[in-house]
Amino acid sequence: MQKTNAIRIIEQAKLTYSVQTYPHGKEAVDGKTVASLLGQNEHQVFKTLVTIANTKEYLVFVIPVCSELDKKQAAKVAQVKSIDMIPVKDLLKVTGYVRGGCSFIGMRKTYRTFIDEQCLHFDTIMFSAGKIGMQLSMAINDIQQLMPITIASISTCNS
C-alpha cells in the first residue's frame, strides 16, 4: 500500500485508522459513487471542500457526501462574511492534493478545518486518504487528537 501524507501523519501520531480502496480510472469519482463502491453509508462518508473567505483565508469544510455545504452557515461558523469554493485548478497548489483525492489531513499548510456535526452520529467516519481510490476510516476523537477541528452544523442533507 502506498502511504500518503495523511497516512504518514496519522501513523506518526500513533492513532488508529483503517484503509479501504476502490476501483477508479484517472478521473475523480463523486463521493456518492465512492460510498456505493465501498458499500458504505453515504452519511458516514465525508468529502473535503476547500473554500476561500472574503478575508482571503482558505477554510476547509468536511461534510457527508450526500450533503451540500451551507455556505451561509459555514461562513457564520467560521466568523467570516462569505465563502466561495476555490477553483479546481488551484486545489493542488493550495492543498497538495488533487480533486477526488483531497484529504483534510496533511495539506501543504494547516487551514482552519470544520467538520459537520453529523460525524458525531458514527463511531468512525470515512474520508479521502489523499489519493484517488483510497479512503481512511477514523474515530472523530482521534481526528481531534491529530489536529484542531471545529464540529458544527455546516451542511444540508440531500437524501
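Let me begin with Phe127, which is buried, with a relative accessible area of 0%. Before I go further, please keep in mind that what we are looking at is a predicted model, and that the residues I name are counted from 1 along the chain.

Phe127 belongs to one of the aromatic pairs, of which a search of the whole structure finds three. I will take two of them, and the one that comes up in the search with Tyr58 and Tyr111 has ring centres 5.7 Å apart and planes at 70°, so that pair is edge-to-face, the angle being over 60 degrees. Tyr58 sits in strand E3, residues 58-64, while Tyr111 sits in the loop between H4 and E6, so this pair ties together parts that are 53 residues apart in sequence. As for exposure, Tyr58 is partly exposed, with a relative accessible area of 25%, whereas Tyr111, at 12% relative accessibility, counts as buried because the limit for that word is under 20%.

Now back to Phe127, whose partner is Phe104: the centres of these two rings are 4.7 Å apart and their planes stand at 45°, so the pair is tilted. This pair, too, links distant parts of the chain, with Phe104 in the loop between H4 and E6 and Phe127 in strand E7, residues 125-131, the two being 23 residues apart. Phe104 is buried as well, with a relative accessible area of 3%.

From Phe104 we can step across to Thr48, since Phe104 is among the residues in contact with Thr48 once neighbours within four places in sequence are left aside. The others in that list are Val60, Phe61, Val62, Cys102, Ser103 and Met107. Thr48 has its place in strand E2, and at 13% relative accessibility Thr48 counts as buried. What does the side chain of Thr48 reach at 3.4 Å? That atom is the backbone oxygen of Cys102.

Thr48 also brings us to the largest pocket, which has a volume of about 680 Å³. There are 30 residues lining this pocket, and the closest to its centre are Lys47, Thr48, Leu49, Arg99 and Gly100. Which element gives the most to the lining of the largest pocket? The answer is E2, with five residues. If we ask about elements that supply at least two residues each, we find helix H2 at 31-37, strand E2 at 46-53, strand E4 at 67-69, and H4. Sorted by class, the lining of the largest pocket holds 17 nonpolar, seven polar and six charged residues.

Let me stay with strand E4 for a moment, where we find Ser67. Is Ser67 buried or exposed? At 0% relative accessibility, Ser67 counts as buried. Not counting residues up to four places away in sequence, Ser67 touches Lys47, Gln118, Ser155, Thr156, Cys157 and Asn158, and Lys47, as I said, is one of the residues closest to the centre of the largest pocket.

For a contrast in exposure, I turn to Arg108, which lies in the loop between helix H4, residues 88-95, and strand E6, residues 112-116. Arg108 is exposed, with a relative accessible area of 55%. Setting aside residues up to four places away in sequence, Arg108 touches Leu92, Lys93, Val94, Thr95 and Gly96. With Leu92 there is a further detail, in that the backbone oxygen of Leu92 lies 3.2 Å from a polar atom of the side chain of Arg108. With Thr95, the C-alpha atoms are separated by 5.1 Å, although Arg108 and Thr95 are 13 residues apart along the chain.

I will finish with the backbone of two lysines. Lys14 has its place in the loop between helix H1, residues 5-12, and strand E1, residues 18-21, and phi of Lys14 is near 55°, a positive value in a residue other than glycine. At 74% relative accessibility, Lys14 counts as exposed. Lys56, for its part, lies in the loop between E2 and E3, and has a positive phi of about 75° although it is not a glycine. Lys56 counts as exposed, at 66% relative accessibility.

Terms used: This is a predicted model: local features need pLDDT of at least 70, side-chain atom pairs count only at pLDDT 80 or more; totals for chains, interfaces and linings use all residues. Side-chain values use heavy atoms; hydrogens and water are left out. Helices (H or I, at least four residues) and strands (E, at least two) are DSSP runs, numbered from the N terminus. Buried means under 20% relative accessible area, exposed over 50%, partly exposed in between (1.4 Å probe, protein chains only). Contact means heavy atoms within 4.5 Å. A polar contact is a pair of N or O atoms within 3.5 Å; within protein, one must be able to donate a hydrogen and the other to accept it, and residues adjacent in sequence count only if both atoms are side-chain atoms. On a 1 Å grid over the protein atoms alone, a cavity is a set of points where a 1.4 Å probe fits but cannot get out, and a pocket is an open set with protein on both sides within 12 Å along at least five of seven lines; lining residues have an atom within 4 Å of a point. Grid points are joined across faces, edges and corners, and a volume is the space filled by probe spheres set on the points. Ala, Val, Leu, Ile, Met, Phe, Trp, Tyr, Cys and Pro count as nonpolar, Asp, Glu, Lys and Arg as charged, and the others, Gly among them, as polar. Rings of Phe, Tyr and Trp (its six-membered ring) pair if their centres lie within 6.5 Å; planes under 30 degrees apart count as stacked, over 60 as edge-to-face and the rest as tilted.
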